[in-house]
Amino acid sequence: MTDLQSKIDAWIEWGYFLQAIATDILSDIQLVNQLNSDIINLSISNEFKTLNESLKIDLDLGKANILQYQIEKISNYQKQLLQLKQKLNYIFDTIKNSRSLLNILLGVSAFYGKSGFALEWLDDDHELIISSEGKFKELTDILNDCDSFQEQIAALIIQGETLSLQAEQALKKIEEESSKEAISSQEVEILPKFSTPKIVRSALIIASSLLILTFGALKIREQNLSLTQEGSAIANFKSAEKLGMEAASLVQNPPHPLQVWQQAETKWYQAINLLDKIPPKTSVYDRAKKKLAYYQINYKFISQRVLIEKEAVGNLESAQKLATEANLFVQNSPHSQLSRQQAQDKWQQAINLLEAIPESTSVSVQAKEMLSIYKTNHAATSQQS
């Protein structure tokens, strides 16, 4: 009865708490309007799924009009991915940094959208437990989901960029072939309808030449400079595209060793530098600026993966070193209680390092195999102690 009374008191207290929250929400018109706005939008999860499915495009590499339409679609999806990325930043910052419960609820509302959510309880650490569509999450779970979606969005942006590059190259090839056919069809013999006296033809040629020399000489320096600048810009743009394609191809179907991530990181960095050098008055400037924004996102994502992979490799190597030290303690002083305790501590440290290695890394499988062995050794050392 005492236990039941305690639970009832807790429920009553929770009811008063919810009533106070509801009152605060209803008294804040701006907050109510924002909640009503969020309920119109898809949840982060559903919006990501929609964009993920939309980017599964089979490029029609033989038809220019369809390719152009597909390029526009991919570009539109890229913009939506960037908007979703910004929205996730807002949600993460709002939930993590806000001290006000109402502000935190705004972040949660933006995360769940029209899926809706309910406040279920406060756990022992005074962290809200939230439910939506039958699933329960703590605020920490939502923050972890935001991190996960950010990583997946960055991967989708790279995928979209790869598709866009492939489509643009195919479209360019079609246009070049069409241009060659058009020139070929125009190469017909032109016969004069009447004979022009040689002296008149000569006079016309001389006059035309003088006009060309007169007007052309005035702008020759400016044209040469412009042509040089334009040629350099186009060359840089093409080189950047090539590097972007190579970088995107390198990181397909992860996980990859650290060296592969570093190669991709270098290529994105080089591509960004080339695009950043393209002058404003060149024909590829606008396209370069657009690609630069995507490439910078890709570079940031790959740089993060490099750090994650480096840390994972470092953890693995440190764990192996600790395991060697643990074995030495036991071998050198098999009957010493202190040595066994030191060995046990080493095994535990090694286990902690291996458990911290993410599954998305290239050393994850090796880490799991080692983890099983280290836990067995740790248990055996504990029994001896």
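How do α8 and α9 lie relative to each other? They are roughly antiparallel (the label for angles over 145 degrees, where under 35 is roughly parallel, 65 to 115 roughly perpendicular and the rest oblique), therefore a good pair to come back to.

Before you start clicking: this is a predicted model, in which local features need pLDDT of at least 70 and side-chain atom pairs count only at pLDDT 80 or more, while totals for chains, interfaces and linings use all residues. Residues are numbered from 1 along each chain as its sequence is written, and side-chain values use heavy atoms, with hydrogens and water left out.

**The whole chain**

Show the protein chain as a cartoon and you have eleven helices and three strands to find. Helices here are DSSP runs of H or I of at least four residues, strands are E runs of at least two, and both are numbered from the N terminus. Walking from that end, the order is α-α-α-α-α-β-β-β-α-α-α-α-α-α. Of the 385 residues, 35% count as buried (buried is under 20% relative accessible area, exposed is over 50%, partly exposed is in between, with a 1.4 Å probe and protein chains only).

Switch on the surface: about 24000 Å² is exposed, 54% of it supplied by carbon and sulfur atoms. That area comes from the Shrake-Rupley method with a 1.4 Å probe; for residues, only the protein chains shown count as cover. As for contacts (heavy atoms within 4.5 Å), take those between residues at least 6 apart in sequence: 69% of them join residues at least 24 apart.

**Select 44-54 and 64-97**

These are α3 and α4, whose axes come within 11 Å and cross at roughly 160 degrees. Axes are lines fitted to C-alpha atoms, for helices over the stretch in contact, and angles run from 0 to 180 degrees between N-to-C directions. α3 passes α4 in a left-handed crossing, meaning that the near helix is turned anticlockwise from the far one by less than a right angle (clockwise would be right-handed). Now show side chains: α3 brings Ile-44, Glu-47, Phe-48, Leu-51 and Ser-54, and among the α4 partners are Tyr-77, Leu-81, Leu-84 and Lys-87. The contact divides into eight nonpolar, two polar and two charged residues. Nonpolar covers Ala, Val, Leu, Ile, Met, Phe, Trp, Tyr, Cys and Pro; charged covers Asp, Glu, Lys and Arg; the others, Gly among them, are polar.

**Select Glu-133**

Next, hop to the loop between β2 (128-132) and β3 (135-138), where Glu-133 sits. Its phi is near 50 degrees, a positive value in a residue other than glycine. Glu-133 counts as exposed, at 63% relative accessibility.

**Select Asn-236**

Find Asn-236 in helix α7 (residues 198-250). Buried or exposed, at 17% relative accessibility? Asn-236 counts as buried. Leaving aside neighbours within four places in sequence, Asn-236 is in contact with Leu-274, Lys-277 and Ile-278.

**Select 258-276 and 285-332**

Back to the opening pair. α8 and α9 pack at about 155 degrees with their axes 9 Å apart, and α8 passes α9 in a left-handed crossing. In the contact of α8 with α9 you can color 14 nonpolar, four polar and seven charged residues.

Finish on Glu-265, in helix α8. At 18% relative accessibility, Glu-265 counts as buried. Which residues does Glu-265 touch, not counting those up to four places away in sequence? Tyr-299, Ile-302, Ser-303 and Val-306. Then draw a distance from Glu-265 to Ala-247: the two are 18 residues apart in sequence and 7.4 Å apart in space, C-alpha to C-alpha.
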